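I opened this notebook page to keep track of what I looked up, one topic at a time. The entries below follow the order in which I went through the structure.

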Amino acid sequence: MTTRKTRLLGSTMLGAVALGTLWAGSAWADAEITFRYAFDNVDQIRAGLDKFEEDNPGITVNLERIAFKDARDQFLRETATGGGPDVVFMAYVWIKDLGSADACLPLNDLIEEHGISEAGFDDFIANDLVLGADNETIYGIPFATDTWGMVYNTAIMEEAGIEKIPETWDELLEASRKAKEIGKIGFGFAAGTSSANTIWFLANFNWWSDGGSLVVDDGAGGYKLGISAEQVASVIDYYKTYLDEELTTPGSLGLDNWADPAVMEPMAAGDQFAALVPVFTATDIFDAWRGRNPGQELPFVTAMTPHGSGSPTTHLGGQSLCINANTEYPEESWKLMHWLNSWEFWDNYNTIYYPSQKSLLEQRPFPEELSGMQQQFTQGARSWGPYARGPAAIAMMWNQTSREFGAAFIGEKSSQQAAEDLLEYVQGLL
Amino acid sequence: MSSTAIPTARGIRGERPFIVFMLVPAFFFLIMFYVYPTLFNLEVSFTDLSLFGLRQGGEWIGIANYVELVTSKDFHRVIFNTVFWLTVVGVAVRIVLGLGLALLLDSKVLDKYRLKTISRVLLLVPWATPPIVAIVSWRWLLNPQLGDINKLLIGLGIVEQPIAFLSEAAWVWPALITIITWNTLPLVALTFLAALQSLPSELLEAAEIDGAGRWQRLRYVILPHLKPAIIVMTLMSTFWTFNNFVYVWLTTAGGPGLYTNVMATEVYIKAFIDGRMGYSSAVGVVMATLMVAFGMIYLRFIAQREFKEVF
């Protein structure tokens, strides 16, 4: 009887262990991770994720969408309460803040253990932007990169008698006036106020090319303002001229997205002389034009941005991936991150955007029609550098810049007052 | 005389445990979902809690957020926008138009042309339209390049150039109030219409026999009868409007510049764009305090009215 009981007990325990092992195995095999993405080529990304699932049985990846401008704040709210998707897609310049908020998982150990890409972490452009405040902890991996450049309509140039591509901001203004004389929109841009507005970029490109910068290193490990109120006021006045003389998109002050249909449609329809847009938006404009004019020669040329007393300068922009600090599946998330940064993924699936790795970028040169953008990217794109490293969150400066520019644009404040208020605000953050 | 027995004080005292027991669930939900968040918000308003430091928490900084808020020129603008444009102008337009619409719907003219039912059904359409749909539709209508309103104005020769309604300082508040009014006017009009229909026709007939003209009937009979409804709707509209975030945010995001930034959008901007949860909470506390003041006026009015009705 005792032997039977012992056997029964033994077999029950064995069964329990077997069941436990089976459960643990199935749990491992059924890792379900979520990747939250914010750009529009969702079908391509989904196809890439399907391939990842095929190569990694037992890992399922859910693809979530979010508007890019909401991506950071939503993720912060979720991670603060222990939730959120496993892998997220964020602007380069958000990673440091997300790291400080303990929202992103430190990746140093994973990189040390598994490596990242064939050429290593140094192969990534702007990898300084994914470091934490200590400049050592890595909170993200750069994913896609881009910069901004000019797109000009050559047919309008010819018709309006604009003899050459504008090289300075003043030449761009003059050319826009000529475009208006023949009934076209000059330099179209969105001047509206919002959390993801465009004027921030236009302002920085302008003053950077004139030797100014909102934030600079002070040489003693701190940060200071690198621009005077007069310089800021002159940039405000510059863009205000387009609004006052109606040389830009009608209703520009109500638009906050550089790719707003009100800005893009006249470009695609051949009614606008110039736009300052990211690489992928230029591609969208060209595709839209080709769709309406099959077989015809593209009447667009891309070029570096105009400049002031310095050289043309835009920002080295892009998006990074970070792993949620709350994830239950760091290894699986890391595997996914690896796949999303592989040449196979970029070559076969993510074909619209450009990878952040120098070695992969060499394999995907910009097409001829984007040669101006290529030039901007290689010769005229700078990192946000002290903006990102400094104590002021870029989002705060971004928002305040659009507020002050907007206040001056509508005459609520003088340009000088708006400039002084902006600098006082930024100084307070530094 | 009512036959309902009025409970005595002793009777109520005897029922007290039962009453308390029955109130517990309601109090539980009130405390959990209203009192606790309010107190938590108040506490946060005295800290420098940042959106990027939600896990770490904020440092106690006393009344620094309130000092900054009171001395901020931008915040003065926000208060002005909220109180004057959004609330005073917005509510006044709604009440006046609602009253006019209710009088029209109650008039014999619509009856005469058998338009009474259809006009009331049509009135419900804007009310049944979700705000987001209304806002997106209006944004397209008001678009300077593609909007039908500009096309119409140019077609009729009223303007030569399209108007950027949502970005020109002269037009943005009227445009915003138009959108809010379109979407919310039906409730006001229907409330007034219901009050109008409770007006005994004998009163109007008697006034007419006494020689009262249309204006005098409106002035001395109709408006006094509608007064309680007007006051209630004004106070209620003030609550809904003062707190409103959706219309302003989705239409202009507070711009251009700060021109349409109101307290509700300021709370959002400070919390989720600037990342300053502490400061944002302070704005929220000021907003709630102002609402409490409105609330006390409302409750006082309701209490007075009920007192008059009972006695």
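These are my entries on domains, sheets and one helix.

**Entry 1, domains.** I kept in mind throughout that this is a predicted model. I began with how chain A is divided, and I found domain 1 covering 31–146 + 317–368 and domain 2 covering 148–315 + 391–429. Taken over C-alpha atoms, the centres of domain 1 and domain 2 of chain A are separated by 29 Å. For the contact between them, I noted ten residues of domain 1 of chain A touching ten residues of domain 2 of chain A. The two domains of chain A bury about 1000 Å² between them, and 67% of that area is on carbon and sulfur atoms. I then looked up which three residues of domain 1 of chain A supply more of its buried area against domain 2 than any other three, and they are Lys69(A), Val93(A) and Asp146(A), with 39%.

**Entry 2, the six-stranded sheet.** In chain A I traced an open sheet of six strands in the order 2-1-3-12-4-13, with mixed pairing. Its edge strands are strand 2 (59–65) and strand 13 (354–355) of chain A, each of which pairs on one side only. Helix 2 (residues 42–55) of chain A packs on this sheet, where it touches strand 1 (31–37) and strand 2 of chain A, and its direction makes about 170° with that of strand 2. At the strand 13 edge, I found two bridges to strand 4 (residues 141–146) of chain A, and these two strands run antiparallel. Thr145(A) has Tyr354(A), in strand 13 of chain A, as its bridge partner.

**Entry 3, the four-stranded sheet.** I also found an open sheet in chain A with four strands in the order 6-9-5-10, again with mixed pairing. Strand 6 (185–188) and strand 10 (300–303) of chain A each have a single partner strand, so one side of each is left without a neighbour in the sheet. From one strand to the next, the twist averages 20°. Strand 6 of chain A runs parallel to strand 9 (residues 272–278) of chain A and is joined to it by three bridges, and Ile185(A) has Gln272(A) as its bridge partner in strand 9 of chain A.

**Entry 4, helix 6 of chain B.** Which residues of helix 6 (residues 131–141) of chain B are buried? I noted Ala134(B), Ile135(B) and Trp138(B). These residues cover an arc of only 95° around the axis, which puts them on the same side of helix 6 of chain B. They pack against helix 7 (148–155), helix 8 (169–197) and helix 11 (246–251) of chain B.

How values were computed. Residues numbered from 1 in each chain as written. Chains lettered and ligands numbered in written order. Predicted model: local features only at pLDDT ≥ 70, side-chain atom pairs only at ≥ 80, totals over all residues. Heavy atoms only, no water. Pairing = 2+ DSSP bridges. Contact = heavy atoms within 4.5 Å. Axes fitted to C-alpha atoms, helices over the stretch in contact; angles between N-to-C directions. Buried < 20%, exposed > 50% of the residue type's maximum accessible area, 1.4 Å probe, protein only. Arc of directions from axis to C-beta. Domains from an automatic or database assignment. Buried area = accessible area lost by both parts, 1.4 Å probe.
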